[in-house]
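Got a minute to walk through a fold together? Here it is.

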Amino acid sequence: MEKSLTPARIVQELDKYIIGQQEAKKSVAIALRNRWRRLNAKGDIREEIIPNNIMMIGPTGVGKTEIARRLAQLAQAPFIKVEASKFTEVGYVGRDVESMVRDLIEQSVNLVQEEQKAAIKEKAQERADERVLDILIPPIKNPSKNSPQGTNSSEIGFSPSGATDEELNEGTRQKFRDKLKKGELDSREVELEVTVPSHNVQIMGPAGMEGMDGLQDMLSGMIPKKQKKRRMTVAEAREYLTEEEAQKMIDMDNVSREAISRAQNSGIIFIDEVDKVAVSGANRGGADVSRQGVQRDLLPIVEGSTVNTKYGTVKTDHVLFIAAGAFHVAKPSDLIPELQGRFPIRVELKSLTQEDFVKILTQPQNALTRQYQALLESEGVSIEFEESAIVEIAELAFSVNQEVENIGARRLHTIMSNLLDEILFEVPDLNIDTHYRITVEFVKEKLGNLVQQKDFSHYIL
């Protein structure tokens, strides 16, 4: 992580996508900066510094998941989201909680692989181009003994008259190599041999049994792969062969080591719906004991334990855990004390106001209004939202959340979809450039009747 990624800058970057919730942004920014501080701490104390895990409390749709996801993107850290309630679906004490660590290391491996592929992309592209040239202009397999050793048409003044077969071949290849790089051959079709697995091996374990990936990979590797010929364009062949060459050049042992290190020191696990496994005081014991079992299984992972994966052992001591839940029925204090103690930082996210909805529709880089403008622009159609119309949409979203169920910013998705459904339907059949202007009258005409009749059922997700 960059030294310049200060807490203030982290909050500034999060502000580009998430409206409000400054307390939560500040907490996660400090937690992320503390990781950089720990990695740069001197002496043995580095291993003793454990992260302060965070508990986010707030209704759905206010930005809990988005804050964690954007934080991971900002730090280029492995990130996964799991739902605590999923661990109650298989078996009495739920699904194997260690699966979240295996998912994290998979994300970390993919992240490191993509970075290494980007670093060697140019070299892999050159190798792929040579393989494409071998198909278009095959090299001479048995060069003449009289040909000068090391002769290269690109190094000498090439002239077809008096040139050997090898020089003619190399000269032709050079011309095609230039055309290949310029994209002049992209539409030409070639026949390429691709590798396909002969069988798809599936290992079925007992219900709730995790960690069968290693055995499955081993058995899949023992089965020989077969070659299959496919016709594709030169552009597709270059892309396929570049990926294949990059995969050959990557050292998976180094990738595994780097991925494990990154998962252990930078990984973020977001545990959503943690309130669903909390047991209120009135319901302790009985059928809800399974929820307590899930909490007890989560505890060692959050505390710090070693999990076996197909890439090696992963320690969770320095993984940052962010738990989240609405806690409408249960309270954070209904979690077992040991688990509560592992989430020392608690932040409460506030419900969104009408003013927040206006900002969500206009300010973020991925604002809904901008998304619909981009969608319609692909059809050659422009759309403009008047400020008064946006205020009316925000007021309607806030009103529906108050009357029916507060689902936060997700309400805007359904309202915007219903507002623009006719436009989205008719646009592809228009053959001329069209400009739509969304006014407050248009919003009232499309959605006003529903509000007057209190018929909000159409908006429930």
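What follows is a short chat about this model, which is predicted.

Visitor: Let's start broad: how many helices and strands does the chain have?
Guide: Keep in mind that this is a predicted model. Buried residues make up 42% of its 461 residues. As for the elements, the count comes to 17 helices and 11 strands.

Visitor: And what share of the contacts with a separation of 6 or more comes from residues 24 or more positions apart?
Guide: Here we set aside pairs with a separation below 6. Among the contacts that remain, residues 24 or more positions apart account for 78%.

Visitor: In what order do the strands of the five-stranded open sheet sit?
Guide: The pairing in this sheet is parallel, and the twist from one strand to the next averages 20°. Strand E2 (79-83) and strand E9 (345-348) each pair on one side only, which puts them at the edges. Reading across, you get E2-E5-E8-E1-E9.

Visitor: Which residue of E8 is the bridge partner of Ile-268?
Guide: Strand E5 covers residues 268-272 and strand E8 covers residues 320-325. The two run parallel and are joined by four bridges. Ile-268 has as its partner in E8 Leu-320.

Visitor: At what angle does helix H2 run to E9?
Guide: Helix H2 (residues 22-39) lies across strand E1 (54-57), E5, E8 and E9. Taking E9 as the reference, H2 runs at about 150°.

Visitor: Why are H6 and H7 called oblique to each other?
Guide: The axes of helix H6 (residues 121-136) and helix H7 (residues 165-182) come within 10 Å. They cross at roughly 125°, and H6 passes H7 in a right-handed crossing. Roughly perpendicular ends at 115 degrees and roughly antiparallel needs over 145, so the pair counts as oblique.

Visitor: How do the residues of that contact divide into nonpolar, polar and charged?
Guide: H6 brings Asp-129, Glu-130, Val-132, Leu-133, Asp-134 and Leu-136. From H7 come Arg-173, Phe-176, Arg-177, Leu-180 and Lys-181. Sorted by type, the contact has five nonpolar, no polar and six charged.

Visitor: Over in E10, which residue of E11 does Glu-384 stand opposite?
Guide: Strand E10 (residues 381-385) has a covered face of Val-381, Ile-383 and Phe-385, while Ser-382 and Glu-384 form the uncovered one. Five bridges join E10 to strand E11 (residues 434-438), and the two run parallel. Opposite Glu-384 in E11 stands Arg-437.

Key
Residues numbered from 1 in each chain as written. Predicted model: local features only at pLDDT ≥ 70, side-chain atom pairs only at ≥ 80, totals over all residues. Heavy atoms only, no water. Axes fitted to C-alpha atoms, helices over the stretch in contact; angles between N-to-C directions. Parallel < 35°, antiparallel > 145°, perpendicular 65-115°, else oblique. Left-handed = near helix turned anticlockwise from the far one by under 90°. Contact = heavy atoms within 4.5 Å. Nonpolar A, V, L, I, M, F, W, Y, C, P; charged D, E, K, R; others polar. Pairing = 2+ DSSP bridges. Buried < 20%, exposed > 50% of the residue type's maximum accessible area, 1.4 Å probe, protein only.
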